[in-house]
Amino acid sequence: MQTGTVLIVDDNKSVLTSLELLLEDEFERIETTSNPNRILSVLDTMPVDLVILDMNFSAGVNTGNEGLFWLRRIQEIAPGLPVIMLTAYGDVELAVKALKSGAVDFVLKPWDNDVLLEKIHTALQAAEEERMKQNAGKGGITPPSEPAMIIGHSPVMMKLIKIVTKVAKTDANVLITGENGTGKEMLAREIHRLSLRSRREMINVDMGAVSESLFESELFGHEKGAFTDARESRPGKFEAASGSTLFLDEIGNLPVGLQAKLLAALQNREVTRLGSNRKIPVDIRLIAATNRNLPEMVGQSLFREDLFYRINTIQIEIPPLRNRREDIPLFIDYFLKKYTTQYKQTGMTIHPQAMNKLERYDWPGNIRELQHTIEKAVILAEKNVIRATDLFIRPGKTVSFTEAPNLGEVERKTIEAAITQNDGNLTAAAEQLGVSRQTLYNKLKRFNL
């Protein structure tokens, strides 16, 4: 048996079963999926040595465009990973197109087992020789690659990733907008990973955490003795990011007084360290992110208009999770695999009622809230099945009041929401609310519920 993992992607489950039976004695692990949208999560959660990829996934479609799309995505997130394409008999022209697009080989259905095994082993050997050649040129060291971002397969996100793929190869400034928890930093990392600057680490700066007194030192650097605690010279984030990507998170929190200094550095592509008069040229690609409405802030004179246009060459808005519910199961699957592996809870599944509860929830905290919910459920679940009672999510949407709230009314609505979310199960509702079942009964009687 050869060590390693083979990923098989085909919408025909008979094909998956046949290939799994053929290869299970040849390889340490065989991973199969009929849904190509799972490719990213599989590649992110386990090392894969080879992919066998079908050319078509939608009924009645035989153009091969779906297979070519996923071939390109695999090449983007895992350069050098060998891919063998599966195609129907007679589609040799399509298979040749796949080879030109970067596939290492193709196999016609129905396949000859011996021929397929020979192609697989040849592809793996060639990939290993190429890795050894590259490592030899780098002194035996291969820089770690960042995992690809789990995007989702909703129409809005498929459109977004097409934009990201185009923009990433340029040096255009990008502004990422969206609610808290939607994955703005992850998207910035994805843009950097797909860019021509990916050989160097992306530099992050949380603009909301930088105090006004340290702003220039943090971003532009300082010389020894520039201020009381400056015991040695230090480059700032701009210098550190030169040749790479500078990510300014929460840029909407930057005070107006500091925005002019940031604008000057971005326009001139040079910085001057505190305590020095020497101008230092910097070569950065800027990505900024915010959850605030910058055009509205510009209108209120809270954000400079010239800075807004400087950082906003390309704007990408990430929709909240509640507006792309078809992506929720994909994230659940990804986080479940991640945390069951991390906490050694292999074989854990989610009960249909729990899945229904997760899919119906509005996720005001977006992907970050979903991630923490799944992690807690994996840790706290008493059995190998996550049930609705194992999910600790907020009892309802955040309510904004135009006047002082009636606390009794808030309590009543919270109880109603908990009961609804737990499908009338009072024990589960009490557990979610953090009260005893008897306390819940008393409150139901009090509010005539």
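This is a short talk on the sheet, the cores and two of the helices in this structure.

Hi everyone, and thanks for coming. One thing before we start: this is a predicted model.

Let me begin with the sheet. It is open, has 5 strands, and the order is β7-β10-β13-β6-β14, with parallel pairing. Which strands stand at the edges? Those are β7 and β14, residues 314–317; each has a single partner strand, so one side of each is left without a neighbour in the sheet. On average, neighbouring strands here are turned by 20 degrees against each other, if we ignore direction.

Now let's visit both edges. At one of them, β7 pairs with β10 in the parallel sense, over 4 bridges, and you can find Asn 204 opposite Phe 247 in β10. The side chains along β7 alternate: Ile 203 and Val 205 point to one face and are buried, whereas Asn 204 and Asp 206 point to the other and are not. At the other edge, β6, residues 174–177, runs parallel to β14 and is joined to it by 4 bridges. There, Leu 175 stands opposite Gln 315. If you rotate the view, you'll see helix α6, residues 155–168, lying across β6, β13 and β14; α6 runs at about 150 degrees to β14.

On to the packing. How many residues does the largest nonpolar core have? The count is 32, and the residues with the most contacts inside this core are Phe 215, Phe 238, Leu 246, Leu 262, Phe 303 and Ile 311. Several elements supply at least two residues each, among them the strands β7, β10 and β13 and the helices α8 and α12. The largest share comes from α10, with 5 residues.

Leu 246 is a nice one to click on. Leaving out residues up to four places away in sequence, Leu 246 touches Ile 203 and Val 205, the two buried side chains we just met on β7. Its other contacts include Lys 237, Phe 238, Ala 241 and Leu 286.

There is also a second, separate core, of 27 residues, and Leu 43, Val 51, Phe 57 and Phe 69 are among them. Phe 69 brings us to helix α3, where it is one of the buried residues, along with Leu 68, Trp 70 and Ile 74, to name a few.

Finally, a sanity check on α3, residues 65–77. At 1.5 Å a residue, its 13 residues should span 18 Å, and the end C-alpha atoms are 19 Å apart, which agrees.

That's my tour; I'm happy to take questions!

Key:
Residues are numbered from 1 along each chain as its sequence is written. This is a predicted model: local features need pLDDT of at least 70, side-chain atom pairs count only at pLDDT 80 or more; totals for chains, interfaces and linings use all residues. Side-chain values use heavy atoms; hydrogens and water are left out. A nonpolar core is a set of buried Ala, Val, Leu, Ile, Met, Phe, Trp, Tyr and Cys residues joined through side-chain atoms within 4.5 Å. Buried means under 20% relative accessible area, exposed over 50%, partly exposed in between (1.4 Å probe, protein chains only). Contact means heavy atoms within 4.5 Å. Two strands pair if DSSP finds at least two bridges between them. The expected span of a helix is 1.5 Å times one less than its number of residues. Axes are lines fitted to C-alpha atoms, for helices over the stretch in contact, and angles run from 0 to 180 degrees between N-to-C directions.
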